[in-house]
Amino acid sequence: MSDAILAVHFAGALVTLQDGGRVGHLRYGVAASGPMDKVAFAAANAALGNEPDKTAIEVSLGGLIVECKSGSVTLAIAGGDFMIEHAGAKTNGWVVLTLNEGERLSVRVGTEGSWAYIAFAGDVIADEWLGHTATHSTSGFGGGAIQTGQQIIVERADIREDREGQIEQPDFLPSGTRMRVVMGPQDKWFRSEAIEAFQNTRYSLTNNYDRMGVRLEGEHLALDAALSIPSEPIVRGSVQVSGEGIPTILLADHHTTGGYPKIATVISTDINVLVQKRSGHEIAFEAITPEAAISIARQFANDLDGYLAQVSIPRGNLQQRLMQQNLISGVVGFDD
Amino acid sequence: METQYTPVADYALLVTLADDISDDVHKAIVAFDQAITHAMPLGVIEVVPALVNLLVSFDPVVTDHIQLEAELRKLHSNAQHKDDQPTKRVVKVCYESPFDFDLDAVAKACNLSADAVINAHLAGDYKVLMYGFVPGYAYLGGVDASIQVPRKLAAVRDIPAGCVMVAGTQCLVTTLKMPTGWSIIGRSPTQILLNDPERPFLFDVGDEVSFERISLETYQQLHKASGNE
């Protein structure tokens, strides 16, 4: 195993290095960062048999084009529905492939999704901050943004022919526009019309959308009276409402405290779905009880474990796969 | 008021001790934070102390809002206000040009001379109330009443790291280039981001902070020595 060196021919804005996230420093003003879509990130790593939080590249709508300058490395791409072009051939997203010296790989915006992940069979060299490579986009701390013209070095790059092919996509995530929330902490300060509008009308994502959060468009949410609350902790998923009544959902690189009232919080499972939507897409908030939120979280953790275990099974090398195909066609032949 | 436990999504409880900020509330929050951090009830991931409340996040596979609330209520009733002396921290500050952006404006607003503003700032008893906003922004309470000014109407962009600034009762030393509506009265060479995973930041919530005046020359020497050109 040796190094693989990738030259970045083009990197759009907000293409960053991310590991599983820097959990545990919220008390110092540090959001966890890490992948916007935790499921797709974990799937990309699992498809290579990596540890679940290994450093990968998060590709934004801006896209990424790299060329392998030396060495070879097997990599996994997952998340959304991006258009992949590898060595001149188009392929669907959710794929494991090997990038060889002289080959180009482009990951560009497709029909759906906002974030895709490229994980490697090897170790991407990346700066750490507080023990993690996750990029905090506001400060640039951590692995940082990928820039056009830079090199990406993958140490101990491995070729894993036995893992090449399509990655099964998760089927346990909610689909459609529904976004489940637990109301509060400040829901009682809003007018009843505002609660009604929040729960019964649709909101759409605006293009004011980055790793810190996404501003929504829809019915304004008026408070009962001018509210001045002392700054309090914010979490990923907090739906904060500005003085003008405009809601913003806080995401991976959120501010850690704020004085704006929070009408509700999106449950952790549904954030993975929310972040893959794009500007103009609609969502419909559905209020659930904290008890229901807990049981959804437990079911989700269970489903995710099962899914990742399935994705992490190697398919065997080319010879083994050919033999499997022969056996299958042999069976079909016998039936004929 | 009675302590309120509010569920936040599927993984946190917001524990609110009071509606308004006060010294007693701050002490109660520091004591409760220490009690939870010491006991670390099953499933707790982290505790985030703030001005009138604490956020306690947890792993929903291991515990839930109801179970955790019961454990926190027990801890709260046993949490003692400790009379331990808080840790004292000293932050150096240069009030000279070109770092005194808003010093004259603050002086004018308070009907004081620039020197009187500096002396009032140096005389304050500051306490770390919470961290917030972005990494390392420690909100220090205790700005002297004579120099309390409101936030500016509009935020100013690209305020560099190391700025010492005030708004209302609070003072803050910036750690990142960010926009702000606070009034900047000086610049500090004291490092708050220590870049050490074991001790990432200079302050803990509850620490006492005092400011020490330094000259421009001393600032430049210290700034150079800390590797920030």
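This briefing describes the interfaces, pockets and cavity of a two-chain structure, chain A and chain B. The model is a predicted one, and the values below are computed from it. Chain B and chain A bury about 3500 Å² between them, while the two assigned domains of chain A bury about 1700 Å². The largest pocket has a volume of about 1700 Å³, and the structure also holds one cavity of 30 Å³ or more.

**Interface of chain B and chain A**

- On the side of chain B, 46 residues are in contact with 40 residues of chain A, and carbon and sulfur atoms give 67% of the area of about 3500 Å² that is buried between the two chains.
- Within chain B, the residues that lose the most area to chain A are Asp10(B), Glu46(B) and Phe133(B), which together account for 16% of what that side buries.
- One salt bridge is found across the interface of chain B and chain A; Asp33(B) forms a salt bridge with Arg27(A), with the closest N and O atoms 2.6 Å apart.

**Domains of chain A**

- Chain A is assigned a domain 1 that covers residues 2–172 and a domain 2 that covers residues 178–288, and the centres of these domains, taken over C-alpha atoms, are separated by 29 Å.
- Contacts between the domains of chain A involve 30 residues of domain 1 and 16 residues of domain 2, and of the area of about 1700 Å² buried between them, carbon and sulfur atoms give 49%.
- The interface of domain 1 and domain 2 of chain A has one salt bridge; a salt bridge joins the side chains of Glu58(A) and Arg211(A), at 2.8 Å from N to O.

**Largest pocket**

- The largest pocket, with its volume of about 1700 Å³, is lined by 47 residues, of which His255(A), Gly258(A), Tyr260(A), Phe133(B) and Arg151(B) are the closest to its centre.
- Sorted by class, the lining of the largest pocket consists of 22 nonpolar, 17 polar and eight charged residues.
- Phe133(B) appears in two of these descriptions, being among the residues of chain B that lose the most area to chain A and among those closest to the centre of the largest pocket.

**Second largest pocket**

- The second largest pocket encloses about 1200 Å³ of space, and among its 42 lining residues those closest to the centre are Gly20(A), Val23(A), Lys38(A), Ser268(A) and Ile45(B).
- At least two lining residues of the second largest pocket come from each of α1 (38–46), α3 (268–274) and α4 (290–311) of chain A, and likewise from each of β3 (44–49) and β4 (53–58) of chain B.
- The element that gives the most to the lining of the second largest pocket is α4(A), with six residues, and the lining as a whole has 23 nonpolar, eleven polar and eight charged residues.

**Cavity**

- About 50 Å³ of space lies in the largest cavity, whose lining includes Pro185(A), Ile234(A), Val235(A), Ser238(A) and Thr265(A) from chain A, together with Val8(B), Leu14(B) and Leu55(B) from chain B.
- In chain A, β17 (232–233) and β21 (262–266) are the elements that give two or more residues to the lining of the largest cavity.
- The lining of the largest cavity has seven nonpolar, two polar and two charged residues, and Glu232(A) and Lys262(A) are among the residues that line it.

Technical notes
Residues are numbered from 1 along each chain as its sequence is written. Chains are lettered from A and ligands numbered from 1 in the order in which they are written. This is a predicted model: local features need pLDDT of at least 70, side-chain atom pairs count only at pLDDT 80 or more; totals for chains, interfaces and linings use all residues. Side-chain values use heavy atoms; hydrogens and water are left out. On a 1 Å grid over the protein atoms alone, a cavity is a set of points where a 1.4 Å probe fits but cannot get out, and a pocket is an open set with protein on both sides within 12 Å along at least five of seven lines; lining residues have an atom within 4 Å of a point. Grid points are joined across faces, edges and corners, and a volume is the space filled by probe spheres set on the points. Ala, Val, Leu, Ile, Met, Phe, Trp, Tyr, Cys and Pro count as nonpolar, Asp, Glu, Lys and Arg as charged, and the others, Gly among them, as polar. Helices (H or I, at least four residues) and strands (E, at least two) are DSSP runs, numbered from the N terminus. Domain bounds come from an automatic or database domain assignment. Contact means heavy atoms within 4.5 Å. Buried area is the accessible area (1.4 Å probe) that two parts lose on being put together, summed over both. A salt bridge is a side-chain nitrogen of Lys or Arg within 4 Å of a carboxyl oxygen of Asp or Glu.
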